[in-house]
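Here are a few exercises to work through with the model open beside you. Try each task before reading its solution.

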Amino acid sequence: MKNGFGVLGIGLILSGCAHQVAFQDANYEIGGSKHPHRVVVVIEKKTLLEKEVINSAMAGVVNEWEVQPGEMLKQVSDIEFPQMFDHYEISSSYPSKETGRQVAIVELTLVKYEFADFHATITMRAVLSRFDEGKHILLDRTFSESGSTQGGKMFWGGAFSMKSAIRQSSIEAYRKMFKDLREELLKHL
């Protein structure tokens, strides 16, 4: 009987858990006033479906956190763009030329997502364009930011706080990038 409990205990320790990580009920104010532009944000399915698996010895080596940085990018877009512009829609493909010149198209691509050394580092490419006898690019820039270090949370909370640490650092990185993106978009529209 003792051997049975020992095998069960070892099995539980080695089995671990997989945790999916995206933002939960994320919402914040960016301040400022709305601008009278129609904007279509394009985030391709490849980016939306991107996943990064994270393991942490500090937060439980047998656990895995499956971060969904593409879904996070969409969630932040859904927070930011409606506060910036009068009309916003999101698409997973570039709109047709019938969209017209009055519509600004912002393509967002996740170049890299990494959670290492207790914080998230995210690199995103943004391309702003309009149709003007074809696709007319107004801006093509790569943004990269890091969120704050969450080592204390991970140390004291272990596996229970890892998801929160990933979310907190990731949303800080995205907010920094989007602040820079807002400034660039307004310069070029």
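**Exercise 1: around Phe81**

Find the residues that Phe81 touches in this predicted model, leaving out those up to four places away in sequence.

Solution. Start with the valines: Phe81 touches Val39, Val41 and Val106. Next come the leucines Leu108, Leu181 and Leu185. Finish with the aromatic residues Tyr88 and Phe178, which Phe81 also touches.

**Exercise 2: the nonpolar cores**

Work out which residues touch the most other members of the largest nonpolar core, and which elements supply it.

Solution. This core has 37 residues, and those touching the most other members are Phe81, Leu108, Tyr113, Tyr174, Phe178, Leu181 and Leu185. Now turn to the elements: two or more residues come from each of β2 (35-42), β4 (64-67), α3 (69-84), β5 (85-91), β6 (103-116), β7 (119-131), β8 (135-146) and α5 (159-188). Of these, α5 gives the most, with eight residues. Then look for a second, separate core: this one has five residues, including Val42, Val103, Ile105 and Phe131.

**Exercise 3: the partners of β6**

In which sense does β6 pair with β7, parallel or antiparallel, and how many bridges are there?

Solution. Begin with β2, which runs parallel to β6 and is joined to β6 by five bridges; here Val39 has Ala104 as its bridge partner. Move on to β7: this pairing with β6 is antiparallel, over 11 bridges, and Ile105 stands opposite Ser129. Lastly, follow the hairpin of β6 and β7, where two residues lie between the strands and Asp117 takes a positive phi near 55°.

Notes:
Residues are numbered from 1 along each chain as its sequence is written. This is a predicted model: local features need pLDDT of at least 70, side-chain atom pairs count only at pLDDT 80 or more; totals for chains, interfaces and linings use all residues. Side-chain values use heavy atoms; hydrogens and water are left out. A nonpolar core is a set of buried Ala, Val, Leu, Ile, Met, Phe, Trp, Tyr and Cys residues joined through side-chain atoms within 4.5 Å. Buried means under 20% relative accessible area, exposed over 50%, partly exposed in between (1.4 Å probe, protein chains only). Helices (H or I, at least four residues) and strands (E, at least two) are DSSP runs, numbered from the N terminus. Contact means heavy atoms within 4.5 Å. Two strands pair if DSSP finds at least two bridges between them.
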